[in-house]
Amino acid sequence: MKINYQPKKLEKTTQDLRAISKNYGTRAKKVIQRLEDIKAAENLEVLRKIPGARCHELKENLKGYLAVDVSGNHRIIFKPDHDPPPKKDDGGLDWGQVTAITIIAIGEDYH
């Protein structure tokens, strides 16, 4: 999967092991694992099938965004990087067609 970051400075927090450890502390290993899961996935449908990732769509003020678990209440939040996002006939997101995302937050607790 192709990954972009918004804001761009967020990408700097994931450039190497030292930066990840500095920025995400005890969650660093899980952040690395989730980013590797995302990169390796051909599309969101593949990512959705990784049990520990628990890829899911968000609601309310984060409608249109998705998240994967890092730990406990912490998530990587992203949106499909397609304009417009691919939809199924029923209007829902076509997970199998999403091959690029934009990460907007890492380690967020939106609860």
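Helices here are DSSP runs of H or I with at least four residues, numbered from the N terminus. With that in hand, you can place G25: this glycine follows helix α2 and has a positive phi, near 50°. Keep in mind that you're looking at a predicted model. Below is a quick tour of α2, then of D69, then of the largest pocket.

**Helix α2**
- Helix α2 covers residues 17-24, and its buried residues are A19, I20 and Y24.
- Look down the axis of α2 and those buried residues sit within an arc of 100°, so they line one face of the helix.
- In general, an α-helix has 3.6 residues a turn, so residues three or four places apart point the same way.
- Flip to the other side of α2 and you'll find L17, R18 and K22 exposed.
- What do the buried residues of α2 pack against? Their partners are α1 (9-12), α3 (28-40) and β5 (100-108).
- At the start of α2, D16 has a side-chain oxygen that comes within 3.2 Å of the backbone nitrogen of R18.

**Residue D69**
- You'll find D69 in strand β3, which runs over residues 66-71.
- D69 has a relative accessible area of 14%, and because buried means under 20%, it counts as buried.
- The side chain of D69 makes a polar contact of 3.0 Å with the side chain of R54.
- Leaving out residues up to four places away in sequence, D69 touches R34, G52, A53, R54, H56, H74 and R75.

**The largest pocket**
- The largest pocket holds about 190 Å³ of space.
- Its lining breaks down into six nonpolar, four charged and one polar residue.
- Among the residues lining the largest pocket are E57, K59, Y65, P80 and L93.

Methods
Residues are numbered from 1 along each chain as its sequence is written. This is a predicted model: local features need pLDDT of at least 70, side-chain atom pairs count only at pLDDT 80 or more; totals for chains, interfaces and linings use all residues. Side-chain values use heavy atoms; hydrogens and water are left out. Helices (H or I, at least four residues) and strands (E, at least two) are DSSP runs, numbered from the N terminus. Buried means under 20% relative accessible area, exposed over 50%, partly exposed in between (1.4 Å probe, protein chains only). A polar contact is a pair of N or O atoms within 3.5 Å; within protein, one must be able to donate a hydrogen and the other to accept it, and residues adjacent in sequence count only if both atoms are side-chain atoms. Contact means heavy atoms within 4.5 Å. On a 1 Å grid over the protein atoms alone, a cavity is a set of points where a 1.4 Å probe fits but cannot get out, and a pocket is an open set with protein on both sides within 12 Å along at least five of seven lines; lining residues have an atom within 4 Å of a point. Grid points are joined across faces, edges and corners, and a volume is the space filled by probe spheres set on the points. Ala, Val, Leu, Ile, Met, Phe, Trp, Tyr, Cys and Pro count as nonpolar, Asp, Glu, Lys and Arg as charged, and the others, Gly among them, as polar. The arc is that of the directions from the helix axis to the C-beta atoms.
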